[in-house]
Amino acid sequence: MRTFVYQGLPARVIFGVGTLARLPEEVERLGVRSALVLCTPGQREAAEEVARQLGERCTGIYDQAVMHVPIETAEDARRVAAELRADCCVAVGGGSTIGLGKAIALTSALPILAVPTTFAGSEMTPIYGLTEAGVKRTGRDARVLPRTVIYDPTLTVTLPAAIAGPSGMNAIAHAVEALYAQDANPVTSLMAEESIRALADTLPRVVRDPQDVAAASDALYGAWLAGICLGTVGMALHHKLCHTLGGSFNLPHAEMHTIVLPHSVAYNRCTAPQAMAQISRALGGADPAAGLYDLAQRLGAPMALADIGMPADGLARAADLATQNPYFNPRPIDRDAILALLQAAHAGLRPTPAGT
Ligand code: NAD
């Protein structure tokens with residue numbers, strides 16, 4: 001018999017090729033008069049296009065978004081938003097840019113309209129992160145959930161393959177952990193399985209031909225579902241490990257998720273059989289852990305923590321940190337087993353398929 005709690009999040013989603021053209025009517029709907037457009041330095045051109053669409057409703061562009069939202073950047077952007085009397089942030093970019101919008105919303109309650117350009121999924125969550133003195137603090141706050149999200153796949157076709165593949169695997173990680181979350185529920189699980197299926201089918205095409213808009217659209221659809229999973233249920237061991245590695249060793253976010261995910265799944269394989277069956281079905285019948293490893297390899301992603309800057313002599317400290325205040329996880333957290341997991345991920349080993 002089923003017992004569950006399901007709490008949906010209020011967000012308006014506009015999805016489809018060319019939907020960026022609907023930006024003016026969407027800001028009108030929010031009653032916005034002076035939007036501040038946010039982007040990274042590298043996405044200035046995309047932000048200028050958005051500003052052009054907004055016309056007189058754009059009060060300026062802030063182009064200093066960077067990874068992990070340093071508190072100094074957040075405070076500078078908050079100051080600019082206040083000086084320009086912005087009444088909305090339009091965040092055009094990946095998790096870093098949307099994260100900056102969230103940092104502004106956290107203290108000002110300005111609404112966010114997000115225009116995602118990666119597969120990270122931050123636009124569908126009320127989760128924010130801020131980095132101060134090298135420590136990343138995350139939290140949940142309803143004020144930071146974007147009110148409106150415009151998913152236009154033509155904006156992801158500029159993603160270099162080297163960013164697109166890991167970004168898609170980062171999305172898969174949200175869906176995978178939703179399947180064995182403490183508060184997993186039938187609605188989120190349906191979305192999670194569909195998300196993994198869509199991304200696993202499509203990412204190889206996206207990486208082979210980034211200009212393939214149909215493939216980009218399918219991948220963005222999977223990423224949207226994964227973002228809902230991340231925003232709706234709690235995450236487990238895998239996200240705890242990545243939070244630790246990212247925060248304490250400053251590893252690149254999406255690549256780190258890509259490398260660790262097959263090993264996190266292998267760790268939980270025996271204790272979450274229903275979730276594993278769903279992951280396997282979404283991967284076309286492959287072993288969940290080895291199948292995710294093989295997918296990442298097909299995408300040309302980095303496969304070993306050693307290759308993305310993780311020092312071998314930091315693994316024991318990472319295992320200590322990751323096992324302090326652990327998140328919920330279906331398999332109890334054992335420090336030695338976590339160290340073994342990290343060593344396998346550091347070396348880039350392929351998890352042994354179950355039953356072999
Ligand atoms: P990102 O936003 O840092 O983008 C990576 C790089 O790709 C940047 O240089 C960016 O300018 C560039 N880029 C983005 N889209 C592009 C495009 N379409 N074409 C060309 N270049 C493009 O990377 P990300 O993986 O999207 O986000 C990572 C950050 O988001 C991390 O800090 C992570 O913690 C956070 N995050 C937060 C949540 C949440 O719910 N709060 C969820 C996922 C990720």
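What share of the contacts in the protein chain with a separation of 6 or more comes from residues 24 or more positions apart? With contact meaning heavy atoms within 4.5 Å, the share is 75%.

**Before you click**

You're looking at a predicted model, where local features need pLDDT of at least 70 and side-chain atom pairs count only at pLDDT 80 or more, while totals for chains, interfaces and linings use all residues. Residues are numbered from 1 along each chain as its sequence is written, and side-chain values use heavy atoms, with hydrogens and water left out.

**Stop 1: the whole chain**

Start zoomed out, in cartoon. The protein chain has 13 helices and eight strands; these are DSSP runs numbered from the N terminus, with helices being H or I of at least four residues and strands E of at least two. Along the principal axes, the C-alpha atoms fill a box of roughly 65 × 45 × 40 Å. The radius of gyration of the protein chain is 20 Å, which agrees with the value near 21 Å for a compact globule of 356 residues. That radius is taken over C-alpha atoms, and the globule rule is 2.2 Å times the number of residues to the power 0.38.

Now colour by accessibility. Buried means under 20% relative accessible area, exposed over 50%, and partly exposed in between, using a 1.4 Å probe and protein chains only. By that rule 57% of the 356 residues are buried.

**Stop 2: helix α11**

Select residues 288-298, which is helix α11. Eight of its 11 residues are buried, so the rest of the structure largely encloses this helix. Show P288, A289, A290, G291, L292, Y293, L295 and A296 as sticks: those are the buried ones. What do they pack against? The partners are α5 (161-179), α6, α9 (253-268) and α10.

**Stop 3: M169**

Stay in the area and pick M169, in helix α5. M169 counts as buried, at 0% relative accessibility. Leaving aside neighbours within four places in sequence, M169 touches L203, T258, L261, L292, L295, A296 and L299. Three of those names, L292, L295 and A296, are on the buried list of α11. For a long-range pair, draw a distance from M169 to L261: C-alpha to C-alpha they are 8.3 Å apart, with their positions 92 residues apart in sequence.

**Stop 4: the second largest pocket**

Next, centre on L179, A184, N185, S189 and Q274. Among the 20 residues that line the second largest pocket, these are the closest to its centre. Its volume is about 380 Å³. Two elements give two or more residues to the lining, α6 (186-208) and α10 (273-282), and α10 has the largest share, three residues. By class, the lining splits into 11 nonpolar, seven polar and two charged residues.

Some bookkeeping on the terms. On a 1 Å grid over the protein atoms alone, a pocket is an open set of points with protein on both sides within 12 Å along at least five of seven lines, a cavity is a set where a 1.4 Å probe fits but cannot get out, and lining residues have an atom within 4 Å of a point. Grid points are joined across faces, edges and corners, and a volume is the space filled by probe spheres set on the points. Ala, Val, Leu, Ile, Met, Phe, Trp, Tyr, Cys and Pro count as nonpolar, Asp, Glu, Lys and Arg as charged, and the others, Gly among them, as polar.

**Stop 5: the cavity**

How many cavities of 30 Å³ or more does the structure hold? One. The largest cavity has about 30 Å³ of space. To find it, select F119, T156, V157, V206, D209, P210, D212 and A216, which line it. That lining has five nonpolar, one polar and two charged residues.

**Stop 6: two cysteines**

Select C88 and C89. Their sulfurs are 6.5 Å apart, too far for a bond. C88 is buried at 0% relative accessibility, and C89 is buried at 1%. The structure has zero disulfides, a disulfide being a pair of cysteine sulfur atoms within 2.5 Å.

**Stop 7: two positive phi values**

Finish in the loops. V69 sits between β3 (58-62) and α3 (71-83), and its phi is near 45 degrees, positive in a residue other than glycine. N250, in the loop between α8 (237-249) and α9, isn't a glycine either, yet has a positive phi of about 55 degrees. Which is buried and which exposed? V69 is buried, at 6% relative accessibility, whereas N250 is exposed, at 61%.
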